[in-house]
Structure formats: structure tokens, C-alpha cells
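Biologist: I am new to this structure and would like to go through it slowly with you. Could we put it in front of us before we begin?

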Amino acid sequence: MKKFFFALFLLPLLLTAADIYMAGDSTMTNYTKERYPMNGWGMSMQKFCVPGVKVHNRAVGGRSSKSFITEKRWEKLLADAKKGDFVIIQFGINDDASGDKNFYRHTDIDGTYKLYLQIYIAEARARGVIPVLCTQTMFCSFNQKGQAYRSGTVEKRIAACREVAQITGCDFIDLNTYALEKFRESGKEKSLELYMWLQPGQFPNYPTGKKDTCHLQVAGADFYANAFVELAKKQNLPIAKLFK
């Protein structure tokens with residue numbers, strides 16, 4: 001009898017729950033088992049969701065806020081999403097790519113980067129989809145004093161992303177700052193365990209090891225997905241209702 005009433009309680013949720021779409025790069029995307037233990041944090045999101053919510057991870061490696069649109073991946077995402085769904089938007093790492101060969105994805109921090117982010121927000125809202133703007137994940141960078149820090153133009157990208165969220169009134173999750181604070185607490189060695197910093201022979205798919213402080217292991221994917229959920233709940237964002 002208890003199971004029957006529990007099923008009745010869940011039925012409206014299962015019928016009406018919004019879905020979550022994800023637009024981003026290689027730090028968010030799905031990977032095949034041949035790349036294990038490499039995982040994008042979008043692969044971990046489903047485990048945090050309540051029954052009836054489906055995560056559609058449309059992130060693709062190497063994409064920037066510009067190329068995800070010009071390749072019509074954003075157009076396809078919006079065509080598939082329904083009114084009331086959410087879309088998590090995270091770009092920045094590949095927007096920094098420079099040189100003529102990267103013209104198709106490079107954006108200026110205070111110019112085209114902000115413009116493209118505003119396009120995502122406006123077009124999502126026009127379709128009745130709720131956008132959530134998200135800062136890029138941390139590079140696992142530590143200085144000679146053993147302190148985690150942001151390298152290159154990351155600080156400016158984060159500031160630009162935050163500014164767009166403020167201007168548009170878009171929900172905003174600062175994953176990068178969250179990770180920076182956690183890494184400063186846990187230290188270099190512990191933080192590197194979240195990334196593809198592998199020793200030779202540690203994993204069959206990488207017999208010679210790997211020294212990658214950008215892409216994530218399973219633990220890193222879980223770390224960032226959990227961070228997103230934690231911050232969404234703390235900020236009482238609408239998307240938080242989809243999480244356990």
C-alpha cells in the first residue's frame with residue numbers, strides 16, 4: 001500500500017519534470033569507455049537529479065561560445081528542448097584560442113564573448129527554455145608557493161561571464177571560484193587527483209600516463225557536478241528543484 005501511494009506521489013513529477021540540457025566544451029562533454037577515466041562533468045549530472053529528469057549533454061570538445069553556434073549545435077539543442085527545460089551554458093577555455101587557424105572559435109573577452117553569451121540567453125528565453133550561465137572549470141594550476149591560482153586570461157573571462165549574467169538577470173553559477181577555493185584548501189596533490197594527471201601504468205587506456213591539468217577524471221566530473229548542485233541550492237535557483 002505504501003508503495004502504491006509513493007507511486008501516486010511521484011506520477012505528477014514524472015509527467016511534468018523539466019529536463020536539463022548542457023552546452024559546453026571538453027570539460028563537460030561525454031566520453032567513450034576507451035577514454036576512461038576521462039569524464040566531462042556533464043556525465044555526472046544525471047546521478048544528482050530527481051526521478052523523471054533527464055540530462056541531455058550536448059557539450060562537444062574544442063567548442064567555444066562562437067563555434068557552438070556557428071556549427072548549428074545550439075540551433076539543434078533549442079529545437080529539441082521543450083518549454084520549461086533548463087540549459088546550462090559553459091564556455092571560455094576554447095574562446096581563448098588564438099591565431100588564424102582558431103579564428104572560427106576565438107572570441108574577444110569584452111566583445112564577441114559577451115555578445116555570444118547574450119545570444120544564448122536571449123534565444124533560450126525566446127523558446128521558453130531557462131538558461132543558467134556557468135563559469136569555466138579550473139585549470140589545476142599551482143604556483144611555487146603551492147597555492148592554486150588562475151592562469152592567463154581566465155580571471156577576465158570569469159568577470160565577463162559574471163557581468164553578462166548581471167546585465168541580463170540570468171541565473172549564474174561560478175564553478176571556477178568554487179574550485180579555486182577548494183583547491184587552496186586541499187592542496188596540489190589532492191586537487192590533481194581530480195584531473196587527468198596519471199602515472200604510467202595507472203590506467204590501461206593510458207599506459208604511459210598523462211599530464212593534463214585541464215580535463216577531468218571521474219572524481220573530477222563528480223566534483224564539478226556536485227559543486228553545481230550545491231551552488232544552485234545555496235542560491236535557491238529554479239534549477240535546484242530538479243536535484244535530489
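Biologist: Where is Pro 37 placed?

Modeller: This is a predicted model, in which local features need pLDDT of at least 70, side-chain atom pairs count only at pLDDT 80 or more, and totals for chains, interfaces and linings use all residues. Residues are numbered from 1 along each chain as its sequence is written, and side-chain values use heavy atoms, with hydrogens and water left out. Helices (H or I, at least four residues) and strands (E, at least two) are DSSP runs, numbered from the N terminus. On that numbering, Pro 37, which follows a cis peptide bond from Tyr 36 with omega near 15°, is placed in the loop between strand 1 (20–23) and strand 2.

Biologist: What pLDDT does the protein chain average?

Modeller: The term pLDDT is the predictor's confidence in each residue, from 0 to 100. Over residues 4–15 pLDDT stays under 50, and the model has 4 contacts (heavy atoms within 4.5 Å) beyond four places in sequence for them. Across the protein chain, 93% of the residues score at least 70, and the average pLDDT is 94.

Biologist: Which residue's side chain joins that of Asn 57 in a polar contact of 2.9 Å?

Modeller: Asn 57 belongs to strand 2 (residues 55–57), and it counts as buried because its relative accessibility is 14% (buried means under 20% relative accessible area, exposed over 50%, partly exposed in between, with a 1.4 Å probe and protein chains only). A polar contact is a pair of N or O atoms within 3.5 Å; within protein, one must be able to donate a hydrogen and the other to accept it, and residues adjacent in sequence count only if both atoms are side-chain atoms. A polar atom of the Asn 57 side chain lies 2.8 Å from the backbone oxygen of Met 28, while the side-chain partner at 2.9 Å is Asn 30.

Biologist: Is Arg 157 buried or exposed?

Modeller: Arg 157 sits in helix 5 (residues 154–168). Leaving aside residues up to four places away in sequence, Arg 157 touches several others, including Asp 95, Asp 96, Asp 108 and Tyr 113. Because its relative accessibility is 1%, Arg 157 counts as buried.

Biologist: What is the relative accessible area of Asn 236?

Modeller: Asn 236 is found in the segment after helix 8 (218–234), and its phi is near 55°, a positive value in a residue other than glycine. Asn 236 is exposed because its relative accessible area is 65%.
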